[in-house]
Amino acid sequence: MFRLNFLVALLFAVCSVNAFTAPGRQIARPTVLRMSDQEPVERGVSVDQDGKSNVWAIEPKVEVESKSSEEKTTSALIAVGGLAVFGVIAAGVLTNLPDPNQF
């Protein structure tokens, strides 16, 4: 028993040796990621004739819901009904499984 414990401890020590060493030297190659070569257009800023900066807010697009409350209620009822049917089927299958002690 002592021999087995010693071998397991030795195997663990050999496998974890690399955890305490410095990583090897890696050659890093700098890469520059660009979406396009064009300069970005700054929205919401302009300069008038006098050279003064004008900054204004850009409102985010508003998303309009396309489903009515009746459609949402119908979808929720269908989901709850599907879950209930699944539960009934699962309960029926699980109660009719054969007894594992029988084999």
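**A guided reading of the predicted model**

The mean pLDDT of the protein chain is 81, and 79% of its residues reach 70 or more. The structure is a predicted model, and confidence varies among its elements: helix 2 (residues 69-95) has the highest mean pLDDT, 95, while strand 1 (residues 45-47) has the lowest, 77. Where pLDDT is low, the predicted coordinates should not be read in detail.

The overall architecture may be taken next. The secondary structure of the protein chain consists of two helices and two strands, and along the sequence these follow the pattern α-β-β-α. Of the 103 residues in the protein chain, 1% count as buried. The accessible surface of the chain amounts to about 11,000 Å², and carbon and sulfur atoms account for 62% of that area.

Helix 1 illustrates this exposure. Its 14 residues should span 20 Å at 1.5 Å a residue, and the end C-alpha atoms of helix 1 are indeed 20 Å apart, so the two values agree. The number of buried residues among the 14 of helix 1 is zero, and the helix therefore lies largely in the open.

A nonpolar patch on the surface deserves attention here. Phe2, Phe6, Leu7, Leu10 and Val14 together make a nonpolar surface patch of about 560 Å². One of these residues, Val14, lies in helix 1, which covers residues 2-15. Val14 counts as exposed because its relative accessibility is 55%, and the threshold for that class is over 50%.

The charged side chains offer a further point of interest. Side chains of opposite charge can pair when their charged atoms come close. How many salt bridges does a search of the whole structure find? The search finds one. This salt bridge joins Lys72 to Glu65, with the closest N and O atoms 2.4 Å apart. The two partners fall into separate accessibility classes: Lys72 has a relative accessible area of 40% and is therefore partly exposed, whereas Glu65, at 58% relative accessibility, counts as exposed. The value for Lys72 falls between the limits of 20% and 50% that bound the partly exposed class.

Note on methods: Residues are numbered from 1 along each chain as its sequence is written. This is a predicted model: local features need pLDDT of at least 70, side-chain atom pairs count only at pLDDT 80 or more; totals for chains, interfaces and linings use all residues. Side-chain values use heavy atoms; hydrogens and water are left out. pLDDT is the predictor's confidence in each residue, from 0 to 100. Helices (H or I, at least four residues) and strands (E, at least two) are DSSP runs, numbered from the N terminus. Patches are made of residues with over 30% relative accessible area and no salt bridge: like charges are joined within 9 Å, nonpolar side chains (Val, Leu, Ile, Met, Phe, Trp, Tyr) within 5 Å. Accessible areas come from the Shrake-Rupley method with a 1.4 Å probe; for residues, only the protein chains shown count as cover. A salt bridge is a side-chain nitrogen of Lys or Arg within 4 Å of a carboxyl oxygen of Asp or Glu. Buried means under 20% relative accessible area, exposed over 50%, partly exposed in between (1.4 Å probe, protein chains only). The expected span of a helix is 1.5 Å times one less than its number of residues.
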